[in-house]
Each structure stands twice: as structure tokens, then as C-alpha cells.
Amino acid sequence: TFENDELVTGCPALGEDGTIYFATYSHTNTSSVYALNSDGTLKWHDEPGLVEGNVVLGADGTLYVMVTEVVPMSAGNQTFGHIYAYDASGNVKWIHDTGDGSPVGLSVLRDDSIVASDSFGVVHLSAAGYILRSQAYGDPANGGLSINFSTFAEGKSGLLFASRYESDGVNASKSVVAMDPNDLSIVWSYALSGTGGLHVTPALG
């Protein structure tokens, strides 16, 4: 049994060798990423910043983690998003800076590339961390919409499916969307009713 006084956030990920990966959140507003051996002993851990959402494993064993960095500014705190990629030993392979705002959804596709989103848009990365394509959607920094996508589900056709939540600070809407992975454009959307946010990943049959 592995015990600490931190809160486990998101869902753990299980490696092919039996390693268990997960993230925690502490009362000091910090996060840790842990890797445990199959017998419950600590393999490695790191403290990259405030971890958002689930940790995700690629087919090659790379662990991907969404991190928010909070930087004090004269006009108030500014948040910056990052995606960390770890190898099986806990070494950081690369870090991709997503820019202003916190990353919200991160998915590994069948070709081992990565799709991630924040309140400004969506980015498609190679397994090596290079930008393949990106698409801006929201512009909350300039008074525009904040648009958040959930983690993406990849369909058999290659289309990406996600829930989407849009807000201008006063009015909000939510929908389920299909996205073309070739240019990250919206192929179709289905509007949903009701109040409250929507950050769940659609299930595919």
C-alpha cells in the first residue's frame, strides 16, 4: 500500500509493465506526478506544477501530463499552460508551452500523436513534441469567448469527438462536436440544453 496525505486527481494510467501512474493535489496548491511499481513501491515522482485532468500514456510508454503554472504579476496572477512528456524512468523528454490559460483536454491518438486544448484553442503535436497544426477558437484575454473542449475521443473514421463549453462571462452554451484532425476544424456540432458546465468525453460505440 502506498500512502500520502495528498488528494489523487483524475484517473490513474497503467503501463504495460504494470507501472501505475497518477497525479495528486496537496493543500499547498501544488501537484505531484507519481509512478508506482506493481508491488506498490515508489518508482519515481516529480513536481512539475499544478496538474490538470488525467495523466495519459502513449503507445511507446511516454507519460503526458497537463500542467498549469501560476505566475504573480503586478495586475494579478497570470496562468500559463504546459504539456510535460516523461519517459518510463521519470525523465522529462520535452515540454510544450500552450501559452496563456490552463490546458483542459489531452488525448493520445492511434498514431501516437497528441491533441490538447485550452480556453484559446486546440493544438496537434507529434510524439516528439513538435506542432503539427493548431487552431484558435476562444479569445478570453481580449474579452472574447472562453471555449473549452473535453478530452477527445477518436472515431474509426479518424474524426475527433469532444464536448465543448463556451462562455463570455455572462452567457454560456454547450455542445458535442466532431472535429477534423487534418485541420482541427469543426465538422458538425450538436447543441445541448441545461445549465452548468460540460467537460465529459463522449463515449463511442
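Let's start with K93, a residue that is partly exposed, with a relative accessible area of 41%. Keep in mind as you look around that this is a predicted model. K93 sits in strand β8, which covers residues 92-100. Its side chain meets that of D60 in a salt bridge, at 3.8 Å from N to O. The two partners come from distant parts of the chain, 33 residues apart.

Now hop over to D60 itself. This residue is found in the loop between β5 and β6, where β5 spans 50-57 and β6 spans 63-73. D60 counts as partly exposed because its relative accessibility is 47%, and that value falls between the 20% and 50% cut-offs. D60 also gives you a handy point for getting your bearings: its C-alpha atom is separated from that of D87 by 9.0 Å, with the two positions 27 residues apart along the chain.

While you're in this area, have a look for the largest pocket. Its lining includes G58, A59 and G61. Also among the lining residues are L14, G15, E16 and D17, and the list goes on with Y21, L57 and A88. The volume comes to about 180 Å³. What kinds of residues make up the lining? By class, five are nonpolar, three are polar and two are charged.

Back to the salt bridges. How many does the structure hold? There are four. As a rule of thumb, side chains of opposite charge can pair when their charged atoms come close. Besides the K93 and D60 pair, try finding E154 and R110, whose side chains meet in a salt bridge at 3.7 Å, N to O. E154 lies in strand β14 (residues 153-154) and R110 in the loop between β9 and β10, so this pair ties together parts that are 44 residues apart in sequence. Are the partners buried or exposed? E154 counts as partly exposed, at 24% relative accessibility, while R110 counts as exposed, at 56%.

Another salt bridge joins the side chains of R164 and E166, at 3.2 Å from N to O. Here both R164 and E166 are buried.

Next, stay with the loop that holds R110. D112 has its place in that loop too, between β9 (103-108) and β10 (114-118). What's curious about D112 is its backbone: phi is positive, at about 75°, although the residue is not a glycine. D112 is buried, since its relative accessible area is 11% and the cut-off for buried is under 20%.

L184 gives you another case of a positive phi in a residue other than glycine, this one near 60°. You'll find L184 in the loop between β16 (172-180) and β17. Why does L184 count as buried? Because its relative accessibility is 0%.

Follow the chain on into strand β17, residues 185-192, and you'll come to Y190. Unlike the buried L184, Y190 is exposed, with a relative accessible area of 55%. Y190 also belongs to a nonpolar surface patch of about 400 Å², made together with V187, W188 and L192.

So that's the tour, from the K93 and D60 salt bridge to the nonpolar patch that Y190 helps make.

Terms used
Residues numbered from 1 in each chain as written. Predicted model: local features only at pLDDT ≥ 70, side-chain atom pairs only at ≥ 80, totals over all residues. Heavy atoms only, no water. 1 Å grid on protein atoms, 1.4 Å probe; cavity = no way out; pocket = protein on both sides within 12 Å on 5 of 7 lines; lining within 4 Å. Points joined across faces, edges and corners; volume = space filled by probe spheres on them. Nonpolar A, V, L, I, M, F, W, Y, C, P; charged D, E, K, R; others polar. Patch = residues over 30% accessible without salt bridge, like charges linked within 9 Å, V, L, I, M, F, W, Y side chains within 5 Å. Areas by Shrake-Rupley, 256 points an atom, 1.4 Å probe, with all protein chains shown as cover. Helix = DSSP H or I, 4+ residues; strand = E, 2+ residues; numbered from the N terminus. Buried < 20%, exposed > 50% of the residue type's maximum accessible area, 1.4 Å probe, protein only.
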